[in-house]
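User: Please take a close look at one part of this model, beginning with how exposure is judged and then setting that part in its surroundings. I am a first-year student and would like one connected explanation.

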Amino acid sequence: MTREEVYAKLLPVFKDIFDDRRIKIDDSTVSTDIVGWDRLMHIQLIAAIQDEFAIRFAVEDAANMKNVGELVDLIMKQC
Amino acid sequence: MIVDHIGYAVRDIDRARTEFEGLGYTFEESVFDVDRNVCIQFGNNGEYRVELISVMDREKEAPVVDVLKKNGPTPYHICYRSSDLATDIEKLKKKNWIVMIPRARALAFDRSGGGSVVFLYHRYVGMIELVEMGSLGDMD
């Protein structure tokens with residue numbers, strides 16, 4: 001998948017998990033940019049992304065990603 | 001899998017216990033799990049068992065901190081008994097369950113002969129805990 005294709009599939013997941021139709025994400029987006037992105041929501045997000053992309057993250061990768069760009073990199077490694 | 005208990009996040013464990021006692025529960029002694037930053041107390045009511053969990057230090061991390069912030073006092077996980085934790089974790093991971101909190105010794109089960117627990121999350125189910133009684137080694 002290209003980076004653009006990943007974002008096209010990833011954005012609806014963010015909108016669904018954070019229940020915000022207006023949400024916007026890019027490589028520099030971090031958890032503090034999105035209201036409600038705490039540890040519990042992060043787990044929900046990771047579970048939804050794994051499901052949508054049919055991939056699995058290593059526990060350390062899921063916990064340590066610093067921004068959406070790193071998340072997209074991890075998705076692209078498996079897609 | 002058989003249900004071992006339902007976990008309740010509570011702000012004030014002493015006041016919560018008093019209310020649960022009014023519902024017919026009898027409580028075991030409380031356990032302070034410093035590593036997990038929680039105070040735990042099990043209550044039994046016939047075949048039903050609840051685990052009250054409160055935070056020891058709200059400034060430090062603990063999953064229950066986020067649960068309390070979002071929902072206030074609430075049941076937030078069901079704990080299932082496993083006879084082989086390592087195998088069950090691998091089975092569930094293949095079904096898209098995520099390990100939220102890796103396998104670790106659970107001090108709260110020491111009085112029952114010891115045990116280790118793991119917390120898992122699934123997109124369509126939420127959080128569960130698995131406990132393997134009598135198991136303290138082979139942590140993942």
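Analyst: A residue is called exposed if 12 or fewer other C-beta atoms lie within 10 Å of its own, and buried if there are 20 or more. The model discussed here is a predicted one.

The close look begins with A:A54. This residue is not a glycine, yet its phi is positive, at about 55 degrees. A:A54 belongs to the loop between helix 2 (39-53) and helix 3 (59-64) of chain A. Because A:A54 has 9 C-beta neighbours inside 10 Å, it counts as exposed.

Helix 2, on one side of that loop, also has a part in the contact between the chains. Ten residues of chain A and eleven residues of chain B make up this contact. On the side of chain A that touches chain B, helix 2 of chain A gives the most, with eight residues. Sorted by class, that side of chain A has six nonpolar, one polar and three charged residues.

Elsewhere in chain A, two other helices pack against each other. Two packed helices are described by the angle between their axes and the distance between the axes. For helix 1 (residues 3-17) and helix 4 (residues 68-78) of chain A, the angle is about 110 degrees and the axes are 10 Å apart. Helix 1 and helix 4 of chain A are therefore roughly perpendicular to each other. Helix 1 of chain A makes this contact through A:R3, A:V6, A:Y7 and A:L10, while helix 4 of chain A brings A:V72, A:I75 and A:M76. By class, six residues in the contact of helix 1 with helix 4 of chain A are nonpolar, none is polar and one is charged.

Across the contact, chain B has three helices and nine strands. Their order along the sequence is β-α-β-β-β-β-α-β-α-β-β-β. The radius of gyration of chain B is 15 Å, close to the 14 Å that the globule rule gives for 140 residues, so chain B is as compact as a globular protein of that length. Of the 140 residues of chain B, 38% count as buried.

Several strands of chain B can be followed from one partner to the next. Strand 1 (residues 3-9) of chain B runs antiparallel to strand 6 (residues 74-81) of chain B, and six bridges join them. B:A9 has B:T74 in strand 6 of chain B as its bridge partner. Strand 6 of chain B is also joined to strand 9 (residues 126-133) of chain B, here by four bridges and in a parallel arrangement. In that pairing, B:Y80 stands opposite B:L130 in strand 9 of chain B.

Strand 9 of chain B leads on to strand 8 of chain B: eight bridges join the two, which run antiparallel. One of the pairs is B:F119 with B:E129 in strand 9 of chain B. A hairpin of three residues joins strand 8 to strand 9 of chain B. Strand 8 (residues 115-122) of chain B is mostly covered, as seven of its eight residues are buried. Strand 8 of chain B is further joined to strand 7 of chain B by five bridges, again with antiparallel strands. There, B:V99 stands opposite B:L120 in strand 8 of chain B.

The loop before strand 7 offers a counterpart to the starting point. B:N96 is found between helix 3 (85-93) and strand 7 (98-105) of chain B. B:N96 has a positive phi of about 75 degrees, although it is not a glycine. B:N96 has 18 other C-beta atoms within 10 Å and is therefore partly exposed.

Conventions:
Residues numbered from 1 in each chain as written. Chains lettered and ligands numbered in written order. Predicted model: local features only at pLDDT ≥ 70, side-chain atom pairs only at ≥ 80, totals over all residues. Contact = placed C-beta atoms within 7 Å. Nonpolar A, V, L, I, M, F, W, Y, C, P; charged D, E, K, R; others polar. Rg over C-alpha atoms; globule rule 2.2 N^0.38 Å. Pairing = 2+ DSSP bridges. Axes fitted to C-alpha atoms, helices over the stretch in contact; angles between N-to-C directions. Parallel < 35°, antiparallel > 145°, perpendicular 65-115°, else oblique.
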